[in-house]
Structures are given as structure tokens and as C-alpha cells.
Amino acid sequence: MPTLTGPLVNVEAVMLESRANALSQRSIKTSAKLEGITLAIRCIDLTTLEGKDSRGRVRSLCAKAVNPRPGWPNVPSVAAVCVYPNLVPVAKQALSGTSVKVASVATAFPSGLSSLDVKLADTAAALESGADEIDMVIDRGAFLSGDEGTVFAEIGAVKQLCGNAHLKVILETGELGTYDNIRRASDLALEAGADVIKTSTGKVGTNATFPTALVMCEAIRDFARRTGERRGLKVAGGVRNTKQALTYLVIVKETLGDAWLTPDRFRIGASSLLDDLLMQLEKEETGHYAGTDYIPKD
Amino acid sequence: MAIFDYAPAPESVRPQIREDYGLFIDGRWMPPESGAFFETVNPANETVLARVAQAGQADVDRAVRAARKAYDKYWRKLKSADRAKYIYRIARAITERSRELAVLETMDGGKPIKESRDFDIPMSAAHFFYYAGWADKLEWVMRAGRDAQSLGVCGQIVPWNFPLLMAAWKLAPALACGNTVVLKPAETTPLTALALAQIIEECDLPPGVVNVVTGDGTTGAALVEHPDVDKIAFTGSTEVGKAIARRLGGSDKRLTLELGGKAAHIVFADAPMDQAIEGVVNGIYFNQGHVCCAGSRLLVEERVHDEIIVRLTERLQTLRLGDPLDKNTDIGAINSRAQLERIEELVRSGVEQGATLVQQQCDLPSRGFFFPASFFTNVHQSHRIAREEIFGPVLSILTFRTPDEAVEKANNTPYGLSAGIWTEKGSKNMWVAQRLRAGVVWCNTFNQFDPSSPFGGYRESGFGREGGVHGLYEYLAH
């Protein structure tokens, strides 16, 4: 069974967290804050992943994704809208003719505990409905029991099915327990063909954190150094305010470099974050905070 | 084109700086007898911040007399719990004025504001809090059945690299033990010690318990040689430390010395590499390398040498050198022109002796004293840059093949203040740590400090410990 060929990389938690904390202390002001907010908006995967998601809800979200702040022409569209497979056709239709991509979770999201056949069928259905990007989950049970071959093979099979569609591989870092495991899973996913490695489903207690993003950036950087290929990072879950979003940009900038500060290589999966970015943007441009009712709530 | 460049983020608070500072003696500010003042400059832009009194023999005499009087009449008789209250008061006042003190420290010394804000000032307050708690529990420092007795008048001489913090390290335990103090701050960085004197004044400490005399080396020498001083505590260069030790030889003055270092920072091939690189960066570039316990000799296992050079070279480019008051600055100004010249001279010697210099690529500000983050490869134990303390942002990288060789090279120095070890193997970490002759050994981390943890050197890095219970012992009669 194919598996990881790169070196085993250890991570020391104390120093990792201290470095992540130092990066979170960067003071992003004035022109940098404006640029960062705009960049963060461009990198958002505007997400709705609830059991009660409906066609109407997805259409509203798509409208907001394309034009987050009507009347403010400088506010860009987000990168993508992220939905369950059943709602891909709705999103696809609502976003036709725009730059906003449709991303679909797949492979028995969020647990990933189905047979490979079911996972592939799930992915195929999303792709057939027009998904541009697939957010798959790894089988954490297999990973934690040491069955890395299965994880590797599943990612490979989904990647093959995806063809040109962008594949984001969710590691669900909150379930992996240690930074060593997060680093190992990152290396495994990158080597198996992930275009992007993603922190979380948003469905467990701990989602994206700064040290987690840092350790994943280090994996992406080392992979690029080894192979010359620039893969991407997506942080998801719990990214609610501008300060957090700017810190993730800082982590990416200072670990991977400016070449990664693009929606092709960096995404933030979020729903309410966009509202805070818009509020902070308005504050930077006008000097005043708008009331939350001035921001479209979808 | 660069994306998402950080805009300037200067700290906006401006501390009150007087035009002239006299000496703080017997609870009052007074001019020096000689009338002589010297200027203290901001090393980041070479502007004069204030004029500071040059204390001479007569002033030191006055300060020691005031300290003796305060000791005999008041401080030694005070209930220890009441001493604690004064020290707590100082700790709280430092906390309340931390932002102003941080800016002052950065302006006078050149260190990045993030370091003075997040390290120097909070740690200074922490030392006063910690030792305040000890003041009425001193019998626990002594062996059972022995009383804890104060020493008397302490002369304390502190360096310019952590001006307020070093003053705190010295003052807090001395006061907690019931001693009175004459403090001599460094010539290039007197302002936070003078601000501390103002705080002490506002905290209503009895006059003469703490006296601050500013000046150059002659002021320090007068303090060292003063017959009525019971103890000298000095932090600074090994050269001056040796001179002090010679002068005090045969006298009954107590002495503790915290001197230079040339710490070995050992990285094994099985180290958690990204974090080891961060540890190395922190170890040598923290405070522009003006750190006596800096990890200035990097010993790397030969098989990972090239990988480490690649990673370190890349990491160097992300360090931000510039205005120390900018909150995003990682490397601030070199403390003084004299220090900059010493760094430049040693770096030249490294190049001349055949080592390979790698430097951060960046523009240096046109004014002020700056030196880019640098390291040398192809360094050998015989090179000056492998033996002498550079006290700047310059790392010397050597290699080893086995743990035995790592230990041998690490210990092959007259110094012994600190050391660092990076390996995933716990047993190897302990094996090496036990064999390193250094006062502090950090395992898979570096530059960790806490008031409860003792700090001090072996051999030419000095003797005596500061911090923790051990730090109290140095200020008690035994």
C-alpha cells in the first residue's frame, strides 16, 4: 500500500505555541489593515453547513458572496461558497457568471466513516452537480489507529476522481490530539495529492487555532522546498473576527511568503467572519463603526 | 510587489523625561557635588534624551551614608511584613506604569518595544511581587535553627542590556531581606532606574533605603571600594567582574558576580527542527544579542548542518529590523556606538579568520546604531568569534558528530552561564544536560525566565545566584 515517503517530523508544542503567539502579536494598522481585510474577504469560503440549509438560504448566501457590501464597489467578492452536495446545483446556478466558486463538502462529511465507495459516490455527485472544489474529510479513526495507508489511498482516490476540481483535505485537527499527528497528517495529505490542507470541519470542539495553522504552514513550506509545488492552506471553524483573520494572514506571510497570500493558496472557511471584516473595513475607511444592521445578515 | 506589508505601528505613548536628572540620595533629588552631567542618547536616532548626573566619590559617600542611616535607624528594625508592603507597592506601581516604562526602556536602550512591553517590564514587576512575598518568610531560606539576618548596605551595579529588569533582580531580594541599597545603573541606560527611583519616592519608602547614583565606571569603582558597603552585586562584563573580584580580594565584603557568556546551543539531528530554529533565533537575536545568556555558539550535528543553514538563512529574512518603537520590530538598535564598533570589529575578525558570514538582507536606518542579524558558518573553536562574547546579533555555527563531542565542544569555553539542547530523545537531553557546565540548561526551549528560578554562572560567568530562594541566600548573613 502506498504511503508517506518524506521524513518524520517532530513538533515541540511549547515553542510552536510561543511562535504562534508571537505572530499573533503583530500590530496590523492603517494601510496594512485595509489591505489585510480586503485580502481576507477575497480568501473566504463563505460557508453554510447546517442540517436546516435550504435553497433559499443558499441563494441568499450566494448573493452576499458575490457582493458582500452593496454600494461599496471596492469590496471584492469572496473566493467560494461552501455547501453540502445536495445544494451544489442551487449555488452553481446562483453564482453563474461570477468569479465565486462552488465548493462542496463530500466523503461522508463530517465524520468520514463510510466505505470508500460511498465516499467516492458522494464526491462524484457533487462534481456532477458542478462543484468546482471538493472539501473531503480524512478517516481520523484509521489515521489514529496507525492505518495511514487507508488514509493515503482514500485521498488519492478522491483526488483522481476530482480531476481539475480543487481538492481540500480536512484533517480535523481537533481530533488528532497532538501537533506531531497534525504535522504527520499534513505530510500524508500533501503527498497523497491534496491541493489544499484544511484544519477542521467546524463540527468539533476545537477548530482552527494559530499553532495548528503554523504547523500546517510548515508542512506546506517543507513540501514546496522538497518538490517545488506550492500547495494551499485552509483554516476553518472558529474564525469569527478580523483580528483572527489578520493573524492567519500574518502566519501565512511569515511562514510561507507572499506567494501564498492569494485565494489560490489560502482560504478561510467562515460564516460570520465576513460581517466583522465589513464592519472593520467601514471603520478604517470612515473612522466610525457602523451599526450591525448596516451589514447584510445573510 | 510585496503583498500585505505591515504599515508602521509606532507606540504612541510618550513618557515624561526630565531635562536633567540629579542623584536620588536619602529620599531627595540632588545635584552631583562636582556639578558634572553626561548625556544619555536614544541609540535608534542618536538624539539626546536627558542630562544625567555624574556621581563622584563624594556623592557615593553621601549615598552610602544615607543607606547606612536608613538601615540602622529604620529598615532593619521594620517588621518584615511591613517591608513586604513597601515592596508590593513598588511592584504594583511598576505594573500601573508599565506602558510608560516600556517606552522609556526602548528609547534609552534601543530594544524593540515588544520586548520591553512583554518581557522586561512585566518581569521586573514579577520579581518585586515574588520577593515581596518572601520578606516575612525568610527563616525558610536558612537551615533549621538559624536566623535570617540582613547584611547591611548593598552596592548594586547593573548593566545596560536589561536596565530595569536587572535593577529589579537586584533590588527586590535585597530589600526583602532587610538590606538598604545604593544602585548604580549603566551609563548608557540610566533612565528607567531613575524612573524607578521616582516610583520608590512615590511609594514613600523611608529615605535612604534605596539610593540611585548615576555615572560611569569611576562611580561604580567608588561604590565597590567604599569601606562601609557590606556587599557588592555586579552584573556586567567578565573583564570588569574580574577587576572587582581582585579589588575585593581579602576584604570581608560579600560579592556576587553575573558576568558574560558564550553559551552553547546544541541541536541534534532528531530535534524538532522548526522549533529548534525558533529557539536559535530567540537565543541569539533576542534584544539584538545583548544578552549574557545568549545562545551565541550554535553546535549542530553535522548531518543536519546544511538543512539548518538553509532554514536559518530563510528565517533571517523575515526578521524586521528598524525603529525600536514600532510594535512589529524584531531587531532594534545596538545599545551604543561603542558596542556597535565592538560587534563590527569581531565580525571583521571572523571574516579575516576564514569563517563565512551570512546576514539579513535589509536597509539599515540612516541614523542610529544598527547591525543586521548575522551568523557565521565554517567557524572553528580557534576563531575569536567562537571564543569571545560578541554581545550582538551574531551567531557562530560549529558542528559536532556525537553527543560526546557536543559536550566537549560546549564546555570548551571559560564561560558557563547558560546552554540549550534540542533533541526529541528525553534520555539524550538529560545525559547532555548533566554534563554541561552551565548555570542554566534549557531543554527544547530557550530564554525561559521566572522569578522563582535561580540564574547564575559557572567559572568566568560569575558566582552567586539571582532569582528564587537561592537569590535570597545571597542577601542574608550566613
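In this predicted model, the centres of domain 1 and domain 2 of chain B, taken over C-alpha atoms, are separated by 30 Å. The domain assignment places residues 20-259 and 458-477 of chain B in domain 1, and residues 264-443 in domain 2. Chain B also touches chain A, in which eight strands form a closed barrel.

**Contact between the domains of chain B**

- Across the boundary, 21 residues of domain 1 of chain B are in contact with 25 residues of domain 2 of chain B.
- On the domain 1 side of this boundary, helices α3 (98-109) and α4 (113-134) of chain B each contribute at least two residues.
- By class, the domain 1 side that touches domain 2 in chain B consists of seven nonpolar, seven polar and seven charged residues.

**Overall form of chain B**

- Chain B contains 15 helices and 20 strands.
- The radius of gyration of chain B is 22 Å, close to the 23 Å that the globule rule gives for 478 residues, so chain B is as compact as a globular protein of that length.
- The C-alpha trace of chain B extends over about 65 × 55 × 35 Å along its principal axes.
- Buried residues make up 58% of the 478 residues of chain B.
- Among the contacts in chain B with a separation of 6 or more, 72% are between residues 24 or more positions apart.

**The seven-stranded sheet of chain B**

- Seven strands of chain B form an open sheet with mixed pairing, in the order β14-β15-β16-β13-β12-β17-β18.
- Strands β14 (356-359) and β18 (440-443) of chain B stand at the edges with a single partner strand each, so one side of each has no neighbour in the sheet.
- From one strand to the next, the twist of this sheet averages 20 degrees.
- At one edge, β14(B) runs antiparallel to β15 (residues 374-377) of chain B and is joined to β15(B) by four bridges.
- Within this pair of strands, B:Val358 is placed opposite B:Phe375 of β15(B).
- Helix α9 (residues 273-285) of chain B packs on the sheet and touches β12 (264-267), β13 (297-301), β16 (394-400) and β17 (418-422) of chain B. The direction of α9(B) makes about 165 degrees with that of β17(B).
- Helix α11 (residues 337-352) of chain B lies across β14, β15 and β16 of chain B, and runs at about 135 degrees to β14(B).

**Interface between chains A and B**

- The interface brings 19 residues of chain B into contact with 24 residues of chain A.
- Helix α9(B) supplies four residues, the largest share of the side of chain B that touches chain A. This helix also packs on the open sheet of chain B.
- The side of chain B that touches chain A comprises seven nonpolar, six polar and six charged residues.

**The barrel of chain A**

- The closed barrel of chain A has eight strands with parallel pairing, running β1-β2-β3-β4-β5-β6-β7-β8.
- Neighbouring strands of the barrel are turned against each other by 25 degrees on average, direction ignored.
- Strands β1 (residues 44-47) and β2 (residues 80-83) of chain A pair in the parallel sense over three bridges.
- The bridge partner of A:Asp45 in β2(A) is A:Ala80.
- Helix α9 (residues 210-227) of chain A packs on this sheet, where α9(A) touches β6 (196-198) and β7 (232-236) of chain A. The direction of α9(A) makes about 165 degrees with that of β7(A).

How values were computed. Residues numbered from 1 in each chain as written. Chains lettered and ligands numbered in written order. Predicted model: local features only at pLDDT ≥ 70, side-chain atom pairs only at ≥ 80, totals over all residues. Rg over C-alpha atoms; globule rule 2.2 N^0.38 Å. Buried ≥ 20, exposed ≤ 12 C-beta atoms within 10 Å, placed from the backbone. Contact = placed C-beta atoms within 7 Å. Pairing = 2+ DSSP bridges. Axes fitted to C-alpha atoms, helices over the stretch in contact; angles between N-to-C directions. Nonpolar A, V, L, I, M, F, W, Y, C, P; charged D, E, K, R; others polar. Domains from an automatic or database assignment.
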